[in-house]
Amino acid sequence: MTTRITITRPDDWHLHVRDGAMLKASLPFTARVFGRAILMPNLVPPVLTAADGAAYRQRAMAVLPTDTKFTPLITCYLTDDTDPDDVERGFREGIFTAVKLYPANATTNSAAGVADYAKIERVLARMEKIGMLLLIHCEEVDPTVDVFDREAVFIDRRLIPMAKKFPGLKIVFEHISSKIGIDYVRSAAPQIGASVTPYHMQLNRTDWLGWGNRPYMYCMPVIKTEQDRIAIRQAATSGEACFFLGTDSAPHPVARKLGVIGSAGLFNSPVCMETYAQIFDEDDKLENLEKFASLNGPKHYGLPPNSDTITLEKTSWTAPEEVLFDGPEERALIYRGGEKIPWKVVSA
Ligand code: DOR
Ligand code: ZN
């Protein structure tokens, strides 16, 4: 039985750390373990331009110790009006790593996202030309489409035509949530790869809704069926190159999570690496953890893996319940808070 594992330092290819007090409270959890993280641009206001991106990177670095080895990777929030020249400038100057496509109104702070797909073609053509990645929230937001089918419909209606029209455009299918998605990504790799959250591998919709409504399991794309969960878990733990780590850790103030219209998102960065290790261990696939967490992502992004390591041990600990920010009234509850976690990062 393996009780200790050392792997190349992992990266988080999908992370929300917000801004201000929440950035300060949440980013250190990630910087402690990961070498790099893709920071999502759905702030208020969003990261729309290269100048916004440079300013956000500075705000992120400012909450970390000056000798940190962690690198935040900044993304551009795509709108119908995004200027291809500004995107290219941001990319060439090393400010933007990628562009994020939110369909308008798909999730938290996505109102300014893409409404008219014809209008973004100029940006996609430029990205294809310069070798810049497109990260997609793959959900079709159409009131006639059932919320559980949004991912499948997006694949047919948007993703397949887009991947065909721009065959040189490298894409990340973010937080993959369905078996249909998994099968599609396998067929479209290596042009398309997928980030996988810990919670889409652990939860099904009966966990979420079957024993009382559990708002702390509510995210977008929503948690789906047991068959979907199994397909996602098998794909991620297989070590296949097109699947890699992306936590989608997304803190919200507790009042918003529990509001009449609750916010989507699970704050998992304080427990994420330990949870991935637990999942791979449960499925007897620890030998593939390094590929999933540390090698497949950089390969898809065309970046080198990190050069140092982290060590995890099978040592049980109790996850903290919450994180406070800006005083005791403001807090975000942590995914698996209060639970005993069997794996622990012991050196990073
Ligand atoms: O559940 C989610 N929360 N899904 C997203 O796509 C966005 C995220 C957030 O920003 O809270
Ligand atoms: Zn996200």
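**Notebook: zinc site and ligand 1**

I began with the zinc ion (ligand 2), whose donors follow the spacing H-x1-H-x231-D along the chain. I keep in mind throughout that this is a predicted model.

Looking up the atoms behind that spacing, I noted that the protein donors of the zinc ion are His14 through NE2, His16 through NE2 and Asp248 through OD, lying 2.0 to 2.1 Å from the ion. I then asked which elements flank histidine 16 and aspartate 248. Histidine 16 lies in the loop between strand 2 (12-15) and helix 1 (20-33), while aspartate 248 lies in the loop between strand 9 (243-245) and helix 10 (254-257), so the pair ties together parts that are 232 residues apart in sequence.

Next I turned to ligand 1, and I found that 14 residues surround it, the closest being Arg18, Asn42, Met220, His252 and Ala264. Sorting this shell by class, I wrote down four nonpolar, eight polar and two charged residues.

I also looked up which side chains place a polar atom by an oxygen atom of ligand 1, and asparagine 42 does so at 2.8 Å. Threonine 108 has a polar side-chain atom 3.2 Å from an oxygen atom of the ligand, and for histidine 137 an N or O atom of the side chain is 3.2 Å from a ligand oxygen.

Is ligand 1 buried or exposed in the protein? Taken alone, ligand 1 exposes 290 Å², and the protein buries 100% of that. My last entry concerns its location, for ligand 1 sits in the largest cavity.

Notes. Residues numbered from 1 in each chain as written. Chains lettered and ligands numbered in written order. Predicted model: local features only at pLDDT ≥ 70, side-chain atom pairs only at ≥ 80, totals over all residues. Heavy atoms only, no water. Near = heavy atom within 4 Å. Polar contact = N/O pair within 3.5 Å; in protein donor to acceptor, adjacent residues only side chain to side chain. Areas by Shrake-Rupley, 256 points an atom, 1.4 Å probe, with all protein chains shown as cover. 1 Å grid on protein atoms, 1.4 Å probe; cavity = no way out; pocket = protein on both sides within 12 Å on 5 of 7 lines; lining within 4 Å. Sits in = over half its atoms within 2 Å of the grid points. Nonpolar A, V, L, I, M, F, W, Y, C, P; charged D, E, K, R; others polar. Donors = N, O, S within 2.8 Å, 3.2 Å for Na, K, Ca; no water. Helix = DSSP H or I, 4+ residues; strand = E, 2+ residues; numbered from the N terminus.
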